[in-house]
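Visitor: I would like a close look at one part of this model, the nonpolar core. Please take me through the core and then through the elements around it.

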Amino acid sequence: MINQNISVSYNKVTVKYLKSKWGSCSNKKNLNFHYMLSSLPVNIMNYIIVHELVHLIEFNHSERFWDLVKLYDPNYKEHTGLLKIYNDILCF
Ligand SMILES: [Zn+2]
């Protein structure tokens with residue numbers, strides 16, 4: 001279950017082809033998501049969105065970053081594991 005109450009501000013969201021990644025976040029608070037994102041299972045898609053939204057708060061992969069990801073997606077470890085499998089299947 002994803003906690004939907006994540007409060008962040010962002011500039012622009014773009015859906016497009018991204019090379020070898022599902023999402024990215026720039027220091028100008030622009031978010032990019034791969035156009036194939038919605039073809040992933042919804043829980044994995046949500047994890048990717050949470051991951052990028054938390055980057056608007058913590059622009060790194062520090063312990064604090066993962067603590068926040070866990071707050072919004074308590075099963076994020078399972079989702080990162082599943083994502084690796086999907087990446088292999090899709091030759092991502
Ligand atoms: Zn990241």
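Guide: Start with the term. A nonpolar core is a set of buried Ala, Val, Leu, Ile, Met, Phe, Trp, Tyr and Cys residues joined through C-beta atoms within 7 Å. Buried here means that 20 or more other C-beta atoms lie within 10 Å of a residue's own. Keep in mind that this is a predicted model.

The largest nonpolar core has ten residues. They are W22, L31, F33, Y47, I48, I49, V50, V54, V69 and Y76. Two elements, strand 3 (30–34) and helix 1 (42–54), each supply at least two residues of this core. Helix 1 gives the most, with five residues. As a general point, nonpolar side chains in soluble globular proteins tend to be buried together.

Take V69 as a way in. Leaving aside residues up to four places away in sequence, V69 touches V50, H51, V54 and Y76. Of these, V50, V54 and Y76 are also listed in the core.

Now the helices. Two packed helices are described by the angle between their axes and the distance between the axes. Helix 1 packs with helix 2 (residues 63–72) at an angle of about 135°, and their axes are 10 Å apart. Helix 1 is therefore oblique to helix 2. Their crossing is right-handed. Look at the residues that meet there. Helix 1 brings V50, H51 and V54. Helix 2 brings F65, L68, V69 and Y72.

Helix 1 has a second partner, helix 3. The axes of helix 1 and helix 3 come within 9 Å and cross at roughly 110°. That angle makes helix 1 roughly perpendicular to helix 3. On the helix 1 side, the contacts come from N43, I44 and Y47. On the helix 3 side, they come from Y76, H79, L82, L83 and Y86. Both Y47 and Y76 belong to the core.

Between helix 2 and helix 3 (76–89) runs a loop, and N75 lies in this loop. Is N75 buried or partly exposed? N75 is partly exposed, because 15 other C-beta atoms lie within 10 Å. L18 and N75 are 57 residues apart along the chain, and their C-alpha atoms are separated by 25 Å.

Next, the sheet. Strands of a sheet pair through backbone hydrogen bonds, either parallel or antiparallel. In this model, three strands form an open sheet in the order 1-3-2, with mixed pairing. Strand 1 and strand 2 are the edge strands, and each pairs on one side only. From one strand to the next, the twist averages 15°.

Follow the two pairings in turn. Strand 1 (residues 12–16) pairs with strand 3 in the parallel sense, over five bridges. Within strand 3, L31 stands opposite V13, and F33 is the bridge partner of V15. L31 and F33 are both core residues. Strand 1 itself is hardly covered: the count of buried residues among its five residues is zero.

On the other side, strand 2 (residues 23–25) runs antiparallel to strand 3, and three bridges join them. F33 appears here too, as the bridge partner of G23.

Finish with the loops of the sheet. S20 sits in the loop between strand 1 and strand 2. Its phi is near 60°, a positive value in a residue other than glycine. S20 counts as exposed because it has 7 C-beta neighbours inside 10 Å; the cut-off for exposed is 12 or fewer.

K29 is found in the loop between strand 2 and strand 3. The hairpin of these two strands has four residues between the strands, and K29 takes a positive phi near 65° in that hairpin. K29, too, is a residue other than glycine. With 14 other C-beta atoms within 10 Å, K29 is partly exposed.

To put the part back together: the core has ten residues. Helix 1 gives five of them. Helix 1 packs with helix 2, and also meets helix 3. Strand 3 supplies at least two core residues, and the sheet order 1-3-2 places strand 3 between strand 1 and strand 2.

Conventions. Residues numbered from 1 in each chain as written. Predicted model: local features only at pLDDT ≥ 70, side-chain atom pairs only at ≥ 80, totals over all residues. Contact = placed C-beta atoms within 7 Å. Pairing = 2+ DSSP bridges. Axes fitted to C-alpha atoms, helices over the stretch in contact; angles between N-to-C directions. Parallel < 35°, antiparallel > 145°, perpendicular 65-115°, else oblique. Left-handed = near helix turned anticlockwise from the far one by under 90°.
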